[in-house]
Amino acid sequence: MGPPSVAGEVLYVVNQSLMRLEARSVADGHLLWQWSPGEGLDDSFKFGSIVAADNLVFVSSAQQVYAIDIEKRSRVWSYPVPGLLSVSASGILYIVRLAEVSGGYLHEGKVVAINLK
């Protein structure tokens, strides 16, 4: 599991035991909203990395990256590559591809770049 992400007054964190993304208040930690991929969308749902942008929060599972609309609190799209996430100031989502190996994950040495604008 990766570190949480903060955007404005909201902390985005993964609750591994409940297999969901949670949006929590930075001020007091109370739950604002939650999201999970739902039955059958990702059978081995293990979150890896989270990054928040202006209107979307991105979260990586063991199989893919999900783009969640912050206002609608629903999945906008997904990309079939898991990995470590970063968003540039110019609006590029970078996914450092990971491969599952016994005992964890390994960097493949490949990067996917998705233009968000």
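How many residues lie between E6 and E7 in their hairpin? The answer is four, and the close-ups below show where this hairpin sits.

Before we start, please note that this is a predicted model, in which local features need pLDDT of at least 70 and side-chain atom pairs count only at pLDDT 80 or more, while totals for chains, interfaces and linings use all residues. Residues are numbered from 1 along each chain as its sequence is written, and side-chain values use heavy atoms, with hydrogens and water left out.

**View 1. Confidence across the protein.** The mean pLDDT (the predictor's confidence in each residue, from 0 to 100) is 84 for the protein, and 80% of the residues score at least 70. Among the elements, E4 has the highest mean, 95, and strand E11 (residues 104-115) the lowest, 77. Strands here are DSSP runs of E with at least two residues, numbered from the N terminus.

**View 2. An open sheet of four strands.** The strands follow the order E1-E2-E3-E4, with antiparallel pairing; two strands pair if DSSP finds at least two bridges between them. At the edges are E1 (5-7) and E4 (31-35), each pairing on one side only. On average, neighbouring strands of this sheet are turned by 25° against each other, direction ignored; the axes are lines fitted to C-alpha atoms, and angles run from 0 to 180 degrees between N-to-C directions. Look for E3 (residues 20-25), joined to E4 by four bridges, with arginine 24 opposite leucine 31.

**View 3. Strand E6 and its two partners.** E6 (residues 56-60) runs antiparallel to E5 (residues 50-52), with three bridges, and antiparallel to E7 (residues 65-69), with five. A hairpin through three residues joins E5 to E6. Find phenylalanine 58: its bridge partner in E5 is valine 51, and in E7 alanine 67 stands opposite.

**View 4. The two sides of E6.** In a regular strand, side chains alternate between the two faces of the sheet. Leu56, Phe58 and Ser60 point one way from E6, and Val57 and Val59 the other way. Five of the five residues of E6 are buried, meaning under 20% relative accessible area (exposed is over 50%, partly exposed in between, with a 1.4 Å probe and protein chains only).

**View 5. An aromatic pair.** Three aromatic pairs are found in the whole structure; ring centres of Phe, Tyr and Trp (its six-membered ring) must lie within 6.5 Å. One of them joins phenylalanine 58 and tryptophan 77, 5.9 Å centre to centre and tilted at 50° between the planes (under 30 degrees counts as stacked, over 60 as edge-to-face, the rest as tilted). Tryptophan 77 lies in strand E8 (residues 74-79), 19 residues apart from phenylalanine 58. Phenylalanine 58 counts as buried because its relative accessibility is 0%, whereas tryptophan 77, at 25%, is partly exposed.
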